[in-house]
Structure formats: C-alpha cells, structure tokens
Amino acid sequence: RVRQFTISEGHLMCRPDQLEQEFKSCLELAIYMLKTLGLYEDVSYRFSLWDPNDRDKYIGTEEQWNESQGMMRKILDHLEIPYVDGVGEAAFYGPKLDIQIKNVFGKEDTIITIQVDQMLAEKFGMEYVDADGKKKNPNIIHRTSLGCYERTLALLIEKYAGALPMWLMPTQIKVLPISERHHEYAAKVAEQLENAGLRVENDTRNEKIGYKIREAQMQKIPYMLVVGDKEAEEGTVSVRSRKEGDVGALPVAEFLSRALTEVATKAK
C-alpha cells in the first residue's frame, strides 16, 4: 500500500458524434505508455458496469445507464477490445474501461481507467450550442495515461526486480577509478557523460575496485566504467554491462553513442 496517490487525470468534453474517436485516442495513449514501460504484456481489460440491484451507489436513471453502457459497449466492440464484464465496478456516474494488471503475487489491480460520463455535465451546468442552435450537455471522458504514479512505480520495481531499463534507472552509469591517481580522468569522463544528459555517479571512495564493482552490481547499475592507467592514457573506459558482463575497452565517444542510443530507443 502507498501513503498517497498521485495521478494525472484528463477530462475531455465532447459531442456524442466525437465520443468514439476521443475514446480511441485515450486508449491509444494508454497503450503507448504501457508498451513504453514494458507493462502492456501483463494487462487485461474490464468493462465496468453498474449493478442495477444496488441502486444507492449510482446517480441517474436505469434508462440513462442502459444508454450509456450500450453506447460504450458498442465502442469497445468496434475497437475490438478483448474485455470481460465487471458488474458493480462502474463509477457512480458512468461505466468505464479498466485496464487491469496483476502484481507478482497474482493480485489484480486497476492501473489505468477510461470513463464515459453522461451524468455530471448536467449537474455542473456544462453546455454547448450544437449545430441545430440548441444548448446540450456534452459527454465527458475521464482518463489517465499512466494511472497512479506510485502504483505504477511499484509495479515496475516488481516486474524488473529493481533492474529497470537504462532509460528509467535513477543512476545509469557509475565511473569507477581504480586508485586516487585516476580521479582526475574519472571526473572528466563523468562530466562528458553528464553534459550529454546521462545520469552518472563517480565513485571516488578509497575502496578496492572489486568492492566497487560488486556494490554497483548489487545496485543493478546498467553500466560500470572502470578507469585506470591504460584507460587514462588511451582515452578509453573499460565497460562492464549489467546485461552483457565485461564488454572491454571502448573510446569514451563510442560508449557515449551506445548509451545515448539505448536511452533514446528505450531499450528494455
């Protein structure tokens, strides 16, 4: 459980004839975010409906709910969304598409939701003038693109067991000078990488290089750059990768290009 929920929620007001395209755009945004994070393969869809036997939970009439749910089911079927029904899971003002995900214990949570609301616009006095010159209440889509940040971060930490893709890691690279006389060169390497936008730590502690490497491995740092006499003389870094192990010596510019490509492509 978390101490707070931080969520970026959008509210789209639209005419009935705009609803399907706007809903589709919301869904495409959610899918893009999930695929980028590597979570899409773990999700399923739930069409959350009202429970007509528990009327106290909801506003609106049965006719309004039937219309709203019928319209949304038509949209989902047209978009070929493979959903299951969830009776009693609707918001108090309307049905919704819940994108569900299971954590490492198999418990299912909602990570992203897209809701169709035909009720609240009237209550808030929201109106637009339609093509026929009459005032009408718009449909509202309530949507998130990434869900609750805290829950999504917890799912990412669980999924990757702390070994987040390089573009997501708080520390992407550790520069590991072998001894104090290599600190100056290590600082230059770290500065060059930082100036290119990478997140770097320069480990200048008075510890043996084997200890520094093991600690960085335990922290699941994507890249460790060992620098000693040879590297300082030749303008290279000895690269150790979290995925590939010992890569060998590379010119700093070549490693930088490799690292920036990995970040830009959001490689897993």
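# A tour of the cavity, the sheet and its helices

The largest cavity holds about 40 Å³ of space, where a cavity is a set of points, on a 1 Å grid over the protein atoms alone, at which a 1.4 Å probe fits but cannot get out; grid points are joined across faces, edges and corners, and a volume is the space filled by probe spheres set on the points. The model is predicted, so that local features need pLDDT of at least 70 and side-chain atom pairs count only at pLDDT 80 or more, while totals for chains, interfaces and linings use all residues. Residues are numbered from 1 along each chain as its sequence is written, and side-chain values use heavy atoms, with hydrogens and water left out.

Select P222, Y223, S241, R242, K243 and E262, which line this largest cavity, lining residues being those with an atom within 4 Å of a point. The lining divides into 2 nonpolar, 1 polar and 3 charged residues, with Ala, Val, Leu, Ile, Met, Phe, Trp, Tyr, Cys and Pro counted as nonpolar, Asp, Glu, Lys and Arg as charged, and the others, Gly among them, as polar.

Turn next to the open sheet of 5 strands, whose order is 10-9-11-12-13 with mixed pairing; strands (E, at least two residues) and helices (H or I, at least four) are DSSP runs numbered from the N terminus, and two strands pair if DSSP finds at least two bridges between them. Strand 10 (200-202) and strand 13 (245-251) stand at the edges, each with a single partner strand, so one side of each has no neighbour in the sheet. Within the sheet, select strand 11 (residues 223-227) and strand 12 (residues 236-241), which run antiparallel and are joined by 4 bridges; L225 has V239 of strand 12 as its bridge partner.

Now add helix 5, which packs on the sheet and touches strand 9 (173-177), strand 10, strand 11 and strand 12, contact meaning heavy atoms within 4.5 Å. Its direction makes about 170° with that of strand 10, axes being lines fitted to C-alpha atoms, for helices over the stretch in contact, and angles running from 0 to 180 degrees between N-to-C directions. Helix 8 lies across strand 9, strand 11, strand 12 and strand 13, and runs at about 120° to strand 13.

Finally, display the two helices together: the axes of helix 5 (residues 183-195) and helix 8 (residues 252-264) come within 11 Å and cross at roughly 35°. Y185, V189, Q192 and L193 in helix 5 meet V252, F255 and L256 in helix 8, a contact made up of 6 nonpolar, 1 polar and no charged residues.

How values were computed. 1 Å grid on protein atoms, 1.4 Å probe; cavity = no way out; pocket = protein on both sides within 12 Å on 5 of 7 lines; lining within 4 Å.
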